[in-house]
Amino acid sequence: MSEDSELLLRIIAADDREAFAALVKKYQSPLRTFFRKVCGGDQELANDLAQETFLKAYRGIRSYNGQSQLLTWFYAIAKNVFYEHLRRNEKFEELSENNSDSSLLQDSHLDIAKCMLQLSAEERMVLTLSYTEGLSQTEVASVLEMPLGTVKTHVLRAKEKLKVLLQPYQERSL
Amino acid sequence: MITDQELDHLLHDFLSTQALDDNHEEFVQQVMKALPAPSPWFWLKEFALATAVFVGMMIFWNFKFLFTTVFLSAAAKSALYIQIQLQSISPQHVVAVLLFCFIAICYYSYEAIMEM
């Protein structure tokens, strides 16, 4: 029995909080990283959204059917949390640009983080998940509930946009 | 313009998951604090069910009832365990197992009542 399955069983069968804490500890890093990337480096917002994701996961833990990896399931919840956040906060783009903690990013990372914010939410998420270690494009499609072809199209389109958006930064660095 | 390879390298460098361990203990604590308080109903429900089963067995003392009740309880827990462990059993499978148990208990109950 895998470690995750054992923890899940303890949570479902006995509402074991320590088991849930172990799951949070194990998966906090990929989720917080994901939110940091799609939120333009805003750490505080990323932590809030990651926390909301874990709370939703806790409430809906019985709906996990075991057909995907647990991390993929967490990402699927994270996607919904991110969309809800966008709907709640239409001024997200300006806020996140203002709140980005640029001191933590290298110059090239800061440039790409700024450019990423100019992509659509779908493109940002598709790109972030596609470059996330351990997720295949099929899993990305499953997380985002999109056909595989659409995922590939979003990746291509986002990369084309980024090439144009990164042009001024590249000229500046020459 | 930036080449495909350069962009790929840049994206990979920026987006690949790096272990994020800054303040992770604090983060875990925050999540745990935000969880809803444990429901007293969780254990009360199990306790109520066990009591009902026990009372039922006391009233209709019958080995078939005893056997079926134990079987039903074990099957329900096993279904949950199998679903999680094999990670391939769909909820429909679990429903099928529970339905089978329900039919079995109905049959045994009918027989037990007829014998009384």
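The following exercises, each with a worked solution, concern a predicted model with chains A and B.

**Exercise 1. The two chains in outline**

Determine how many helices and strands chain A and chain B have, and what share of each chain is buried.

Solution.
Step 1. Chain A has 9 helices and 0 strands, and its elements follow the pattern α-α-α-α-α-α-α-α-α along the sequence.
Step 2. Chain B has 5 helices and 0 strands; from the N terminus on, its elements run α-α-α-α-α.
Step 3. Buried residues account for 55% of the 174 residues of chain A. In chain B, 26% of the 116 residues are buried.
Step 4. For chain A, consider the contacts between residues at least 6 apart in sequence: 62% of these join residues at least 24 apart.

**Exercise 2. Helix α2 against helix α4 in chain A**

Classify the orientation of α2(A) relative to α4(A), and describe the class of the residues that meet.

Solution.
Step 1. Helix α2 of chain A spans residues 17–38 and helix α4 of chain A spans residues 70–88; the two pack at an angle of about 45°, with their axes 11 Å apart.
Step 2. Angles under 35 degrees count as roughly parallel and those from 65 to 115 as roughly perpendicular, the rest short of roughly antiparallel being oblique. The pair α2(A) and α4(A) is therefore oblique.
Step 3. The crossing of α2(A) past α4(A) is right-handed.
Step 4. From α2(A), the contact includes A:Leu23, A:Tyr27, A:Phe34 and A:Phe35, while the residues of α4(A) include A:Leu71, A:Phe74, A:Val81 and A:Phe82.
Step 5. By class, the contact of α2(A) with α4(A) holds 14 nonpolar, no polar and no charged residues.

**Exercise 3. Helix α2 against helix α3 in chain A**

Carry out the analysis for α2(A) and α3(A), and state how the contact residues divide by class.

Solution.
Step 1. Helix α3 of chain A covers residues 43–59; the axes of α2(A) and α3(A) come within 9 Å and cross at roughly 140°.
Step 2. Roughly antiparallel requires an angle over 145 degrees. The two helices, α2(A) and α3(A), are therefore oblique to each other.
Step 3. The crossing of α2(A) and α3(A) is right-handed.
Step 4. Among the residues that meet are A:Arg17, A:Gln28, A:Arg32 and A:Arg36 in α2(A), and A:Gln43, A:Asn47, A:Thr53 and A:Phe54 in α3(A).
Step 5. The contact of α2(A) with α3(A) divides into 10 nonpolar, 4 polar and 3 charged residues.

**Exercise 4. A:Phe35 and the nonpolar core**

Which residues does A:Phe35 touch beyond four places away in sequence, and which residues have the most contacts inside the largest nonpolar core?

Solution.
Step 1. A:Phe35 belongs to the α2(A) residues that meet α4(A), and also to those that meet α3(A).
Step 2. Not counting residues up to four places away in sequence, A:Phe35 touches A:Ala46, A:Leu49, A:Ala50, A:Thr53, A:Ala78, A:Val81 and A:Phe82.
Step 3. The largest nonpolar core has 68 residues, and those with the most contacts inside it are A:Phe35, A:Phe54, A:Phe82, A:Leu127, A:Leu162 and A:Leu166.

**Exercise 5. Two charged residues**

Decide whether A:Glu123 and A:Lys159 are buried or exposed, and list their contacts beyond four places in sequence.

Solution.
Step 1. A residue is buried when its relative accessible area is under 20%.
Step 2. A:Glu123 is in helix α7 (residues 121–130) of chain A. The relative accessibility of A:Glu123 is 3%, so A:Glu123 counts as buried.
Step 3. A:Glu123 touches A:His154, A:Arg157, A:Ala158 and A:Lys161. From A:Glu123 to A:Lys161, 38 residues away in sequence, the C-alpha to C-alpha distance is 9.9 Å.
Step 4. A:Lys159 is in helix α9 (residues 148–173) of chain A. With a relative accessible area of 18%, A:Lys159 is therefore buried.
Step 5. A:Lys159 is in contact with A:Leu127 and A:Tyr131, and with B:Leu7, B:Asp8 and B:Leu11 of chain B.

**Exercise 6. The backbone at A:Glu145**

Where does A:Glu145 lie, and what is its phi?

Solution.
Step 1. A:Glu145 lies in the loop between α8 and α9 of chain A, just after α8(A).
Step 2. Its phi is near 55°, a positive value in a residue other than glycine. Most residues other than glycine have a negative phi.
Step 3. A:Glu145 is exposed, with a relative accessible area of 63%. The buried residues of α8(A), residues 137–144, include A:Val143 and A:Leu144.

Methods:
Residues numbered from 1 in each chain as written. Chains lettered and ligands numbered in written order. Predicted model: local features only at pLDDT ≥ 70, side-chain atom pairs only at ≥ 80, totals over all residues. Heavy atoms only, no water. Axes fitted to C-alpha atoms, helices over the stretch in contact; angles between N-to-C directions. Helix = DSSP H or I, 4+ residues; strand = E, 2+ residues; numbered from the N terminus. Left-handed = near helix turned anticlockwise from the far one by under 90°. Contact = heavy atoms within 4.5 Å. Nonpolar A, V, L, I, M, F, W, Y, C, P; charged D, E, K, R; others polar. Core = buried A, V, L, I, M, F, W, Y, C linked by side-chain atoms within 4.5 Å. Buried < 20%, exposed > 50% of the residue type's maximum accessible area, 1.4 Å probe, protein only.
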